Amino acid sequence: MKRAEGRPVIVEFAVPSAKAGPYSLAAGPDGALWFTEIHAGRIGRIAPDGEVSEFSLPTPRAGPSVIAAGSDGALWFTELRVNRIGRIAPDGEVDEFSLPTANAGPFGIAAGPDGALWFTELLANRIGRIGHSGKVREFSLPAACSMPSMIAAGADGALWFTENQGNRIGRITVDGELTEYDLPGQGAGPVGIAAGPDAALWFVEISGNQVGRIDGRGAITEYPLPTPGARPHAIAAAGDALWFTQWAAGSIGRIDRDGQVAEFRLPRPHAGPHGIAVARDGSIWFAEEADRIGRLVPAALE
C-alpha cells in the first residue's frame with residue numbers, strides 16, 4: 001500500500017445498522033476486531049478486509065460499552081444500562097452475568113494477570129472482578145463519587161484504572177490492595193488508560209486535553225495536546241508509541257515515549273472516534289460514533 005509523505009493510510013468501513021453507535025474495540029483470537037454498538041445493543045465483528053457481522057444481545061437496550069479479549073478465547077464486555085457483564089464466543093454465542101450490586105454502572109473492562117476479567121463500576125464506585133464461571137467480587141474505592149472509568153493490566157501484575165471524577169489514577173492488585181495517585185491539575189477527567197512500551201501506564205485526560213504517563217512509583221508526567229478541546233478518549237499501545245482517539249477533534253493522535261505528539265485528521269470532521277485497538281498486523285482500528293469503523297495503517301508498516 002503506497003503512503004504519501006510518510007503519513008498513515010486511513011480507511012473507513014460503514015456499520016450496516018444506522019445509529020448503532022460503535023464505541024469500543026478489541027482484537028479477537030480469530031484475527032478480527034470486535035466492537036460494541038452501545039445504542040443498538042449489539043456486538044459487532046469486523047474482519048481485516050472490512051466485512052462486518054453483527055450479533056444481537058439477549059437483553060434489549062443493554063448498552064454494551066467497553067469490550068476486551070479474555071484468556072478463555074472469548075470477548076467480554078460491560079452492559080452499562082442493564083448492570084451485567086457479557087461474554088461472546090467467536091461463533092457468536094452470548095452469555096450474560098448480573099452484578100450483585102444494583103445500578104453499579106459497569107463500564108471499563110480488561111483481562112487481568114490472574115485470568116479473570118476486571119471491570120469498573122462507574123456508579124457504585126467500585127472495581128469488580130469476574131471469573132470465567134461468572135462469579136463476581138467487588139472492591140470499594142475510598143472516596144465517594146470517584147467514577148472509575150477505564151482499566152488496564154500493568155507490567156507490574158496489577159490493574160490500573162482512571163478515576164474520571166476523582167481526578168486520580170488508581171492501582172489494585174489481584175488481592176484487592178488499593179493505591180491511588182492524585183493528578184497534578186484539577187478537573188483533568190482521565191478516561192482511557194493502557195500499558196505502554198516502557199512499563200509505565202499512559203492515559204488520556206478528556207477535560208485536561210493532555211496525555212499522561214504514570215510509572216510504577218506513581219510519578220506522573222503530562223503532555224498537552226496541540227489541538228485545543230480535542231477531548232482525547234481512548235488509548236492503545238503499538239510498538240514504541242501510543243495511539244489515541246480525539247473525539248471532539250475528529251482525529252487520531254500518536255505520542256512517542258518522549259512525549260512528541262502527531263495528529264491525523266479523519267476523512268469526515270464529525271466522525272466522533274471513541275475506542276481504539278491494535279490488530280495483529282500492527283494496524284490501528286477505531287470506532288466512530290458516526291456508524292463507522294476506521295483502520296489506520298502507520299507509514300512505518302510494510
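## Buried residues

A residue is called buried when its relative accessible area is under 20%. Phe 13 has a relative accessible area of 17%, so Phe 13 is buried. The model here is predicted. Across the protein chain, buried residues make up 58% of the 302 residues.

## Overall build

The protein chain has zero helices and 28 strands. Its radius of gyration is 18 Å, and the globule rule gives 19 Å for 302 residues. The two values are close, so the chain is as compact as a globular protein of that length. Along the principal axes, the C-alpha trace spans about 50 × 45 × 30 Å.

Now consider contacts along the chain. Take those between residues at least 6 apart in sequence. Of these, 40% join residues at least 24 apart.

## Surface and charge

The protein chain exposes about 12000 Å². Carbon and sulfur atoms supply 48% of that area.

The chain carries 26 positive and 35 negative charges. How far apart are the mean positions of the positive and negative charges? They are 3 Å apart.

## Aromatic pairs

A search of the whole structure finds eight aromatic pairs. One of them joins Phe 13 and Trp 285. Their ring centres are 5.9 Å apart. Their planes meet at 15°. Planes under 30 degrees apart count as stacked, so this pair is stacked. The pair links distant parts of the chain. Phe 13 is in strand β1, residues 9-14. Trp 285 is in strand β27, residues 284-288. The two residues are 272 residues apart. Trp 285 has 1% relative accessibility, so Trp 285 counts as buried.

Tyr 23 and Phe 107 form another aromatic pair. Is this pair stacked or edge-to-face? It is edge-to-face, with 70° between the planes. The distance is 6.1 Å centre to centre. This pair also links distant parts of the chain. Tyr 23 sits in strand β2, residues 22-27. Phe 107 sits in strand β10, residues 106-111. They are 84 residues apart. Both partners are buried: Tyr 23 has a relative accessible area of 13%, and Phe 107 has 7% relative accessibility.

## Leu 33 and its contacts

Leu 33 is in strand β3, residues 33-37. Its relative accessible area is 2%, so Leu 33 is buried. Which residues is Leu 33 in contact with, leaving aside neighbours within four places in sequence? They are Leu 25, Ala 26, Ala 27, Gly 44, Arg 45, Ile 46, Ala 277, Ala 279 and Trp 285.

Trp 285 appears again here. Leu 33 and Trp 285 are 252 residues apart along the chain. Their C-alpha atoms are separated by 7.9 Å.

## Ala 236 and Ser 140

Ala 236 is found in strand β22, residues 232-238. It has 10% relative accessibility, so Ala 236 counts as buried. Leave aside neighbours within four places in sequence, and Ala 236 is in contact with Ala 194, Ala 241, Leu 242, Trp 243, Ile 276, Ala 277 and Val 278. Ala 277 is also in contact with Leu 33. Ala 236 and Pro 190 are 46 residues apart in sequence. Their C-alpha atoms are 14 Å apart in space.

Ser 140 is in strand β13, residues 136-140. Not counting residues up to four places away in sequence, Ser 140 touches Asn 125, Arg 126 and Leu 178. Ser 140 and Ile 127 are 13 residues apart in sequence. In space they are 6.5 Å apart, C-alpha to C-alpha.

## Two loop residues with positive phi

Asn 209 is not a glycine, and its phi has a positive value, near 55°. Where is Asn 209 found? It is in the loop between β19 (201-205) and β20 (210-214). Asn 209 has 12% relative accessibility, so Asn 209 counts as buried.

Asp 291 also has a positive phi, near 60°, in a residue other than glycine. Asp 291 lies in the loop between β27 and β28 (292-297). Strand β27 is the one that holds Trp 285. At 15% relative accessibility, Asp 291 is under the 20% cut-off, so Asp 291 counts as buried.

Conventions: Residues are numbered from 1 along each chain as its sequence is written. This is a predicted model: local features need pLDDT of at least 70, side-chain atom pairs count only at pLDDT 80 or more; totals for chains, interfaces and linings use all residues. Side-chain values use heavy atoms; hydrogens and water are left out. Helices (H or I, at least four residues) and strands (E, at least two) are DSSP runs, numbered from the N terminus. The radius of gyration is taken over C-alpha atoms; the globule rule is 2.2 Å times the number of residues to the power 0.38. Buried means under 20% relative accessible area, exposed over 50%, partly exposed in between (1.4 Å probe, protein chains only). Contact means heavy atoms within 4.5 Å. Accessible areas come from the Shrake-Rupley method with a 1.4 Å probe; for residues, only the protein chains shown count as cover. Lys and Arg count as positive and Asp and Glu as negative; His and the chain ends are not counted. The place of a charge is taken as NZ of Lys, CZ of Arg, CG of Asp or CD of Glu. Rings of Phe, Tyr and Trp (its six-membered ring) pair if their centres lie within 6.5 Å; planes under 30 degrees apart count as stacked, over 60 as edge-to-face and the rest as tilted.
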